[in-house]
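Subject: The structure for you to explore

Hello,

Here is the structure I promised to hand over. Please open it beside this email, and then follow along with what I found in it.

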Amino acid sequence: MDFKIKEKFYVDGQPVKLISGAVHYFRIPPTQWRQTLKNLQAMGCNCVETYIPWNLHEPMKGQFNFSGLADVIKFLGIAEELGLFIIVRPSPYICGEWDFGGLPAWLLRDGNMRVRSQHPLYLQAITDYYAVLLPKLVPYQFTKGGKLLMVQVENEYGSYSEDKVYLKFLVEELRKFLNVPLFTSDGGWKEALEAGTLTEENLLATVNFGSDAAGNFASLQAYQKKNGLVQPLMCMEFWNGWFNSWQKPIIRRNPQETAEEVRAVLQKGSINFYMFQGGTNYGFYNGCSDAGRDNDPQITSYDYDAPLTEWGAPTDKYFAIQKVIKEEVPTAKIAEPIYPEVINLGTYSIQESVGLFAVLEDITTPIIHDYTLPMEQLGQNFGYILYRSSLVNKRYIEKLKIVNASDRVQFFINQEAVATQYQETLGQEISFELKKEQNELSLLVENMGRNNYGPKLVADTQRKGIRSGVMEDIHYISDWAHYCLEFTSEQLAKIDFSKAANEKLPSFYKTVIHLPQVVNTFLDCSRFGKGVVFVNGQNMGRYWSIGPVKTLYIPDYFWQEGANEVIIFETEGIAIDELRFTQLPIME
């Protein structure tokens with residue numbers, strides 16, 4: 001296959017309009033990849049685009065993962081088998097409402113780290129990562145007989161910085177292994193395009209937007225003319241929906257209005273739908289938006305109001321867009337989509353429970369230090385940390401406060417809850433009575449997701465846990481035990497449910513469900529407080545009673561025939577006595 005970029009895209013000498021859809025393999029169960037890609041084709045698309053998140057594939061420095069949800073090679077193989085063109089975005093930073101924009105948290109162990117810059121250790125980490133990742137992409141290039149057409153250099157860099165030396169470094173690293181065209185994608189305005197692109201490197205410049213195709217493409221054309229470029233117009237991210245955050249209404253976009261905006265794009269150039277199917281932020285991988293003084297963590301569901309739902313069902317938006325594609329591109333091939341099967345799995349009683357404090361020493365070994373350490377310095381990327389110290393003498397403490405912490409902190413004195421702080425209250429002074437001569441102070445800190453976009457990517461706030469310390473009156477408290485609670489499958493297996501239960505405190509709840517076959521279903525979390533759900537040792541994501549989505553999607557991929565262990569970690573002192581499943585999500 002021959003692929004050329006001129007005033008249009010050409011495949012084997014014939015002009016081609018790329019009609020692509022974003023599908024993040026890491027947000028969709030592998031058992032459903034083929035179904036999703038077939039539905040992409042059925043809507044009229046001839047191409048699939050995907051990010052590659054660095055932090056998923058190199059969770060610890062030098063330790064790589066390309067299996068399960070991270071099996072990008074299998075995903076690309078299915079796309080190629082179905083005859084879809086492929087666009088890959090393996091830039092170190094992906095945004096994507098994904099923790100730290102895809103950058104691995106272990107970068108933050110360097111106190112001077114500056115990501116997306118010329119920081120030597122950052123650049124070396126990219127070189128090391130690409131040396132493992134990029135050879136895996138080589139066979140899929142169109143120059144090797146595959147379907148991979150283009151690869152992205154960086155992601156919306158013009159909305160962050162303008163360091164051309166850094167961008168050129170990325171180009172050089174990519175071209176060590178790949179010989180397909182490279183591109184950039186930025187906001188559709190003059191300043192973003194000039195900051196985020198590399199004219200002299202012969203890169204394709206694309207723009208991202210969700211409306212006003214005429215205005216955004218006019219900006220791109222002005223950039224092309226100014227720099228003497230002859231390139232096609234492409235919207236690399238057409239935002240057909242939006243992501244959602246806790247305690248805010250679900251964001252919806254009218255299907256017909258969306259479809260008409262799609263028409264405007266197709267009349268002028270090529271398109272990549274962001275998203276085609278959003279999927280789910282499994283584990284602790286949800287990102288966090290910059291909300292000024294505070295932050296705005298995203299929820300587990302990444303439904304995105306996309307043409308396919310979180311669980312893969314076609315929507316009214318799907319059919320509205322399909323109709324427009326057929327009208328504007330008569331050669332596009334459309335078909336009837338595939339519908340997933342989702343069932344109500346029923347109701348199951350909780351069989352065992354145990355308090356966190358009862359098993360703390362069993363599941364994690366404390367790290368002792370004279371002052372509090374942030375999560376990354378403890379070698380931990382995600383989850384919770386329990387910080388513990390002691391306070392002596394019976395007395396009344398008037399002023400105790402946490403200094404410089406993220407994100408949500410629960411205070412316990414002698415294993416009794418005394419306060420919870422989050423966002424606007426975090427760091428405020430609290431008062432309480434010490435009733436013993438020796439008193440145990442425990443602080444359960446939850447990492448609710450690192451920023452994935454904006455100026456805070458360079459700030460110390462990306463480091464989670466307690467960064468400075470805990471003060472009584474005007475002095476820092478010393479001598480701390482750090483209990484790391486990332487809740488790996490190995491850590492969960494160490495929970496001894498025969499120990500004491502205490503439903504008023506953070507607790508684990510367990511039941512075993514026997515299934516004759518694997519299924520797709522939703523867990524109803526509407527009566528829970530806040531926490532995480534694990535199925536067969538795998539993290540299904542967070543729930544929180546403040547909404548807006550009150551269920552967790554648990555697809556067939558995570559179940560197994562026979563016995564299935566479900567564990568819930570509930571932090572709010574709410575007793576859980578049963579698990580209820582449902583056929584559809586519960587949304588506010």
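Let us begin with how the chain is divided. The domain assignment gives domain 1 (3-328), domain 2 (346-354 + 488-582) and domain 3 (371-478). Notice that domain 2 is written as two stretches of sequence, 346-354 and 488-582. Please keep in mind that this is a predicted model.

**Where domain 1 meets domain 2**

Taken over C-alpha atoms, the centres of domain 1 and domain 2 are 33 Å apart. Domain 1 brings 22 residues to the contact, and domain 2 brings 19 residues.

How much area do domain 1 and domain 2 bury between them? The answer is about 1800 Å², with 67% of it on carbon and sulfur atoms. If that way of describing a contact is new to you, the size of an interface is often given as the accessible area lost when the parts come together. On the domain 1 side, three residues are worth finding in your viewer: Trp 246, Tyr 282 and Phe 284. They supply 33% of the area that domain 1 buries against domain 2, more than any other three residues.

What about the polar side of this contact? Between domain 1 and domain 2 there are zero salt bridges, but seven residue pairs are in polar contact. The residues of domain 1 that touch domain 2 are made up of nine nonpolar, 11 polar and two charged ones.

Right beside Trp 246 in the sequence you will come to Gln 247, a residue other than glycine whose phi is positive, near 60°. Gln 247 sits in the loop that runs between β10 (234-239) and α8 (255-266).

**What the UniProt record says**

Two annotated spans come from an unreviewed UniProt entry, and both can be compared with the model. The annotation "domain: Glycoside hydrolase 35 catalytic" covers residues 9-327. In the model, residues 9-327 are 31% helix and 20% strand, and the C-alpha atoms at the ends of the span lie 20 Å apart.

The annotation "domain: Beta-galactosidase 1-like first all-beta" covers residues 374-485. How much of residues 374-485 is helix, and how much is strand? That span is 0% helix and 57% strand, with its end C-alpha atoms 13 Å apart.

The unreviewed entry also lists Glu 156 and Glu 237 under "active site". These two are spread over 82 residues of sequence, yet they cluster in space, with a largest C-alpha distance of 10.4 Å. To find Glu 156, look in the loop between β7 (148-155) and α5 (164-175).

**A salt bridge to look at**

The structure as a whole holds 37 salt bridges. One of them joins the side chains of Glu 81 and Arg 34, at 3.1 Å from N to O. Glu 81 belongs to helix α3 (residues 72-81) and Arg 34 to helix α1 (residues 33-43), so this pair ties together parts that are 47 residues apart in sequence.

**Two cis peptide bonds and a glycine**

Which peptide bond is cis with omega near 10°? The bond from Ser 406 to Asp 407 is the one, and Asp 407 is in the loop between β18 (395-406) and β19 (408-413). Another cis peptide bond runs from Gly 547 to Pro 548, with omega near 15°. Pro 548 is in the loop between β29 (538-544) and β30 (551-554).

Last on my list is Gly 537, which you can find in the loop between β28 (530-535) and β29. Gly 537 and Thr 488 are 49 residues apart in sequence, while their C-alpha atoms are 7.3 Å apart in space. Leaving aside residues up to four places away in sequence, Gly 537 touches Ser 489 and Leu 492.

Enjoy looking around, and do write back with any questions.

Best wishes

Note on methods: Residues numbered from 1 in each chain as written. Predicted model: local features only at pLDDT ≥ 70, side-chain atom pairs only at ≥ 80, totals over all residues. Heavy atoms only, no water. Domains from an automatic or database assignment. Contact = heavy atoms within 4.5 Å. Buried area = accessible area lost by both parts, 1.4 Å probe. Salt bridge = Lys/Arg side-chain N within 4 Å of Asp/Glu carboxyl O. Polar contact = N/O pair within 3.5 Å; in protein donor to acceptor, adjacent residues only side chain to side chain. Nonpolar A, V, L, I, M, F, W, Y, C, P; charged D, E, K, R; others polar. UniProt positions renumbered as here; feature names shortened; annotations may be inferred. Helix = DSSP H or I, 4+ residues; strand = E, 2+ residues; numbered from the N terminus.
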